[in-house]
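Me: I have a model open and want to learn how to read it. Can we go through it feature by feature?

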Amino acid sequence: VQLQASGGGLVQPGGSLRLSCAASGRIFSINAMGWYRQAPGKQRELVATITRSGSTNYSDSVKGRFTISRDNAKNTVYLQMNSLRLEDTAVYYCNAEVRDYSFIMRDYWGQGTLVTVSS
């Protein structure tokens, strides 16, 4: 199973970006999916998660600005980021709880995509 993240880049404060993360491989089902981020010199932190049924959870720092969504048919999770701030600069990682055809549940991580907010 692989997670491929894309969509990062350079954006000015107040701008928007949309991240995508597609899971591929021998996937039976995917439970929760999510986005985490790690800023320089800081620990990785939760940004947002979404269950298979669509229930969402956000960190307080992004609530009202970021929206997580998923397409179960495409095994893909998205993160729409609006009103970006300097402090949103980080490497963003996607995560998925994947059940394979052995019916074993494992946690998988994408490779990370860099988001830089700068004027």
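Reply: We will take the sheet, then a hairpin, then one residue, then the rings. Keep in mind that this is a predicted model.

Me: Start with the sheet. In what order do the strands of the open sheet lie?

Reply: Read a sheet by its neighbours, strand by strand. Here four strands form an open sheet in the order E1-E3-E8-E7, and the pairing is antiparallel.

Me: Which strands are the edge strands?

Reply: An edge strand pairs on one side only. Here the edges are E1, residues 2-6, and E7, residues 66-71. From one strand to the next, the twist averages 15 degrees.

Me: How many bridges join E1 to E3?

Reply: Count the bridges between the two strands. E1 and E3 (residues 17-24) run antiparallel and are joined by five bridges. To find the register, pick one residue and look across. Leucine 3 has alanine 23 in E3 as its bridge partner.

Me: Now the other edge. What do E7 and E8 form?

Reply: They form a hairpin, with four residues between the strands. Look at the turn for unusual backbone angles. Asparagine 75 in the turn has a positive phi of about 50 degrees. The two strands run antiparallel, with six bridges joining them. For the register, take threonine 67: its bridge partner in E8 is glutamine 80.

Me: Which side chains along E7 are buried?

Reply: Follow the side chains along the strand; in E7 they alternate. Phe66, Ile68 and Arg70 point to one face and are buried. Thr67, Ser69 and Asp71 point to the other face and are not buried. Note that an arginine is among the buried ones.

Me: Let me try a single residue. Is threonine 76 buried or exposed?

Reply: Check the accessibility against the cut-off. Threonine 76 has 8% relative accessibility, and buried means under 20%, so threonine 76 counts as buried. Then place the residue: threonine 76 lies in strand E8, residues 76-81.

Me: What does threonine 76 contact?

Reply: Set aside its neighbours within four places in sequence. The contacts are then Cys21, Ala22, Met33, Ser69, Arg70 and Asp71. Look for polar contacts as well. A polar atom of the threonine 76 side chain lies 2.8 Å from the backbone oxygen of lysine 74.

Me: On to the rings. How many aromatic pairs does the structure hold?

Reply: Three. For each pair, read the distance between centres, then the angle between planes. Phenylalanine 28 and phenylalanine 103 have ring centres 4.8 Å apart and planes at 70 degrees, so this pair is edge-to-face. Phenylalanine 28 is in the loop between E3 and E4, and phenylalanine 103 is in the loop between E9 and E10, so the pair ties together parts 75 residues apart in sequence. Both rings belong to partly exposed residues: phenylalanine 28 is at 44% relative accessible area, phenylalanine 103 at 49%. Ring pairs also link Phe28, Tyr101 and Phe103 into a cluster.

Me: Why is the pair of tyrosine 36 and tryptophan 109 edge-to-face?

Reply: Check the angle between the planes. It is 65 degrees, with the centres 5.0 Å apart; planes over 60 degrees apart count as edge-to-face. Tyrosine 36 in E4 and tryptophan 109 in E10 are 73 residues apart. Tyrosine 36 is partly exposed at 21%, and tryptophan 109 is partly exposed at 37%.

Me: Which charged residue lies over the face of tryptophan 109?

Reply: Arginine 44, at 4.7 Å from the ring centre. Look for the charge above the ring. Likewise, the charged end of arginine 18 sits over the ring of tyrosine 78, at 4.1 Å from its centre.

Terms used. Residues are numbered from 1 along each chain as its sequence is written. This is a predicted model: local features need pLDDT of at least 70, side-chain atom pairs count only at pLDDT 80 or more; totals for chains, interfaces and linings use all residues. Side-chain values use heavy atoms; hydrogens and water are left out. Two strands pair if DSSP finds at least two bridges between them. Axes are lines fitted to C-alpha atoms, for helices over the stretch in contact, and angles run from 0 to 180 degrees between N-to-C directions. Rings of Phe, Tyr and Trp (its six-membered ring) pair if their centres lie within 6.5 Å; planes under 30 degrees apart count as stacked, over 60 as edge-to-face and the rest as tilted. Buried means under 20% relative accessible area, exposed over 50%, partly exposed in between (1.4 Å probe, protein chains only). A charge sits over a ring if NZ of Lys or CZ of Arg is within 6 Å of the ring centre and within 35 degrees of the ring normal. A polar contact is a pair of N or O atoms within 3.5 Å; within protein, one must be able to donate a hydrogen and the other to accept it, and residues adjacent in sequence count only if both atoms are side-chain atoms. Contact means heavy atoms within 4.5 Å.
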